[in-house]
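Explain how the nonpolar residues of this protein are arranged, both inside the fold and on its surface.

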Amino acid sequence: MVFQWPEMLWALAVLPLLVWAYWAILRRRARQTLALSDLSLVREALAAGPGWRRHVPPALMLVALALLLVAGARPMARVTLPSSQKTLILAMDVSGSMRATDVKPSRIVAAQSAAKKFLETLPRDVKVGIVAFAGAAQVAQLPTLNREDLVTAIDRFQLQRGTATGNSIVISLATLFPQAGIELQQMGMPARSTACPLDAPAAPEAKPREFTPVPPGSYTSAAIIMLTDGQRTTGVDPLEAAKMAADRGVRVYTVGIGTVDGETIGFEGWSMRVRLDEDTLKKIALQTQADYFYAGTAENLTAVYEKLGNRLSVETRETEVSGLFALAGALLVLLAAGLSLLWFRRVF
């Protein structure tokens, strides 16, 4: 725990003085009592007196004062809170290599099944969008709360040639920030990969707007989850796209599926060798302050999505907790006053 105003903690030094003052008052009252002529009356009064109960309200007040002073120092602590992320983009690889069967029943089927289960774990107030990418990247479903529309979009995936991992990040950012003028043309790419729904015409080119880069991972309202099984074969450099995401504070969680060492698969009468580029996926996640996950089987992929769902539903962050200390102090003040009224018919 750290404090934004640590100087306030010096006020805690007053507490021992208050204890000493309380003890001195009790001693003075005791001496005054001994001055009475009949000591038998004193013993009788002490036997029938409040005893230990008279010390409880002052002790509670002392603890309450300590809590209020700590609250005044504005403590900061890392606590787990409901996530403020309200929009997620699933960027899913639909390249031809996803038909490989090393992940049963196939990579694409396992990815579709895991994505659907992932949607079930998310809070209902989280919007989800889907970007499908192969040789180009397109928005399969704009961010929505309608889970049925998302499932339909996932079921509509059509495998194509090529793997443009960088394009998927750029299109995901353009979907999250539609007014920012993010275009693939800015990075030397043709307009055919413009961020637009699969069945919709390309949107008119938007003029890029100037913006001030923010710390990586600082944008907590949205995140991107990218799943792929291969290396980039075309499109934007994924590390350049990751820098674009990092400059906007958006985390890009990467999920690798398939064979790390490489595998030769057939597709539409021709064969190709595919290899999972774990090194690049790890760099993307690291650059954007996110995490990389490897899923070698369908079960692992489902577990990865479950872990992501739990992680994105809550978040651990540093926040000010002075209100909690102040509340505890106020409750102790009320308790001390209530006990004093109950036992002694006075506030203190």
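Is L18 buried, partly exposed or exposed? The model is a predicted one, and in it L18 lies in helix α1. Its relative accessible area is 37%. Buried means under 20% and exposed means over 50%, so L18 counts as partly exposed.

L18 also belongs to a nonpolar patch on the surface, which it makes together with V14, L17 and L65. The patch covers about 320 Å². Helix α1, spanning residues 14–34, gives the most to this patch, with 3 residues. For the protein chain as a whole, the accessible surface comes to about 18300 Å², and 58% of that belongs to carbon and sulfur atoms.

The interior can be taken next. In soluble globular proteins, nonpolar side chains tend to be buried together. Of the 348 residues in this chain, 42% are buried. The largest nonpolar core holds 68 residues, and those with the most contacts inside it are L90, F157, L173, L301 and Y305. Helix α4 (residues 107–121) supplies the largest share of this core, 7 residues.

L301 can serve as an example. Leaving aside neighbours within four places in sequence, L301 is in contact with A110, A111, A114, L227, V255, I257 and A295. A second core, separate from the largest one, has 6 residues, including L60, A64, L67 and L332.

The chain has 10 helices and 11 strands. Among contacts between residues at least 6 apart in sequence, 79% join residues at least 24 apart.

Notes:
Residues numbered from 1 in each chain as written. Predicted model: local features only at pLDDT ≥ 70, side-chain atom pairs only at ≥ 80, totals over all residues. Heavy atoms only, no water. Helix = DSSP H or I, 4+ residues; strand = E, 2+ residues; numbered from the N terminus. Buried < 20%, exposed > 50% of the residue type's maximum accessible area, 1.4 Å probe, protein only. Contact = heavy atoms within 4.5 Å. Areas by Shrake-Rupley, 256 points an atom, 1.4 Å probe, with all protein chains shown as cover. Core = buried A, V, L, I, M, F, W, Y, C linked by side-chain atoms within 4.5 Å. Patch = residues over 30% accessible without salt bridge, like charges linked within 9 Å, V, L, I, M, F, W, Y side chains within 5 Å. Salt bridge = Lys/Arg side-chain N within 4 Å of Asp/Glu carboxyl O.
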